[in-house]
Amino acid sequence: MHEYNGRPVSYGGGVNSTALVVMLALEGWHGPIVFSDTGAEWPETMEYVALFGEWLAERGLELTVLGPEWRRGKEQMTLIDYCEHYQVTPFPGARWCTSKWKVEPLHRWCEANGYDPDDMLIGISADEWHRQQDKDRPLVDRGIDRDGCARIIVEAGLPVPRKSGCWICPFQRDSMWRELHRMHPDLFERAARLEELSSERRGEQAHLYPGGEVTLRQLAAGFEAQTEMWDWLDYYQPCMCRV
Ligand code: SF4
């Protein structure tokens, strides 16, 4: 426990990092909890961040949300504004979005506040042990898997958060696009329009939906013709950001 105390946690708003913070907080850990807001986070994620911030405040802990002031130059735009302005989509291979809107703001915050970014604790669960093995991962150290994370959160009296990430993320599964289409049609429309803007610039079809075969407008037409189903696999999908 002592090796963790006082060290900052990189918070992502999802199941694993919430469980990590809850577990440490209940053990008496006291350190900064830092979340970098891309400006394209799912609305439900931002609602959860606010709720969790209240839970933490009751325990004398503070959740710091990093906004544009921690980004540089043209990246001070929100991720969605940037993508629309430059007619680009987040690219799964390069992950420039993760780097510029997540990792670099967290590193700048650490450096400005006297922490080594390499000392950040991250919420990787035991079933993702292969990820970021160079980092300190208290959940992996203790063998806590995704179900264990959910239990920690529920036992603390908190709701289990949805999968975190951006609503324009190309790593999203079918069910998340379906949810976006149903719950936030305005955001789905904006994502579909972004795909078109990017296609215009590139001179070929751009795809936010994985696989590169279906456009979001085609996907929407399919959703409207389908019976909706909850895809439980999503529960086991961590955020794909390498933060
Ligand atoms: S959640 Fe997806 S779109 Fe958002 S920063 Fe991470 S990889 Fe990029």
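**Core packing and the H1–H6 contact**

H1 and H6 are oblique to each other, because the angle between them, about 55°, falls outside the ranges for roughly parallel, roughly perpendicular and roughly antiparallel. Before I go on, note that this is a predicted model.

Staying with that pair: the axes of H1 and H6 lie 8 Å apart, and H1 passes H6 in a left-handed crossing. Which residues make the contact? On the H1 side they are Val15, Asn16, Thr18, Ala19, Val22 and Met23. H6 contributes Arg146, Cys149, Ala150, Ile152 and Ile153. Sorted by class, the contact of H1 with H6 has eight nonpolar residues, two polar and one charged.

Now the cores. The largest nonpolar core has 30 residues. Those touching the most other members are Val9, Tyr11, Ala19, Leu20, Val21, Leu139 and Cys149. Two of these names, Ala19 and Cys149, you have just heard in the helix contact.

Which elements give two or more residues to this core? Among the helices, H1 (15-26), H2 (43-57), H4 (96-112), H5 (138-141) and H6 (146-155) do so. Strands E2 (33-36) and E4 (121-122) do as well. The largest share is from H1, with seven residues.

One residue in detail: leaving out residues up to four places away in sequence, Val21 touches Val9, Tyr11 and Ile33.

There is also a second core, separate from that one, with 19 residues. Its members include Ile80, Ile168, Ala191 and Leu216.

As general background, nonpolar side chains tend to be buried together in soluble globular proteins.

Key. Residues are numbered from 1 along each chain as its sequence is written. This is a predicted model: local features need pLDDT of at least 70, side-chain atom pairs count only at pLDDT 80 or more; totals for chains, interfaces and linings use all residues. A nonpolar core is a set of buried Ala, Val, Leu, Ile, Met, Phe, Trp, Tyr and Cys residues joined through C-beta atoms within 7 Å. A residue is buried if 20 or more other C-beta atoms lie within 10 Å of its own, exposed if 12 or fewer, and partly exposed in between; C-beta atoms are placed from the backbone. Helices (H or I, at least four residues) and strands (E, at least two) are DSSP runs, numbered from the N terminus. Two residues are in contact if their C-beta atoms, placed from the backbone, lie within 7 Å. Axes are lines fitted to C-alpha atoms, for helices over the stretch in contact, and angles run from 0 to 180 degrees between N-to-C directions. Angles under 35 degrees count as roughly parallel, over 145 as roughly antiparallel, 65 to 115 as roughly perpendicular and the rest as oblique. A crossing is left-handed if the near helix is turned anticlockwise from the far one by less than a right angle, and right-handed if clockwise. Ala, Val, Leu, Ile, Met, Phe, Trp, Tyr, Cys and Pro count as nonpolar, Asp, Glu, Lys and Arg as charged, and the others, Gly among them, as polar.
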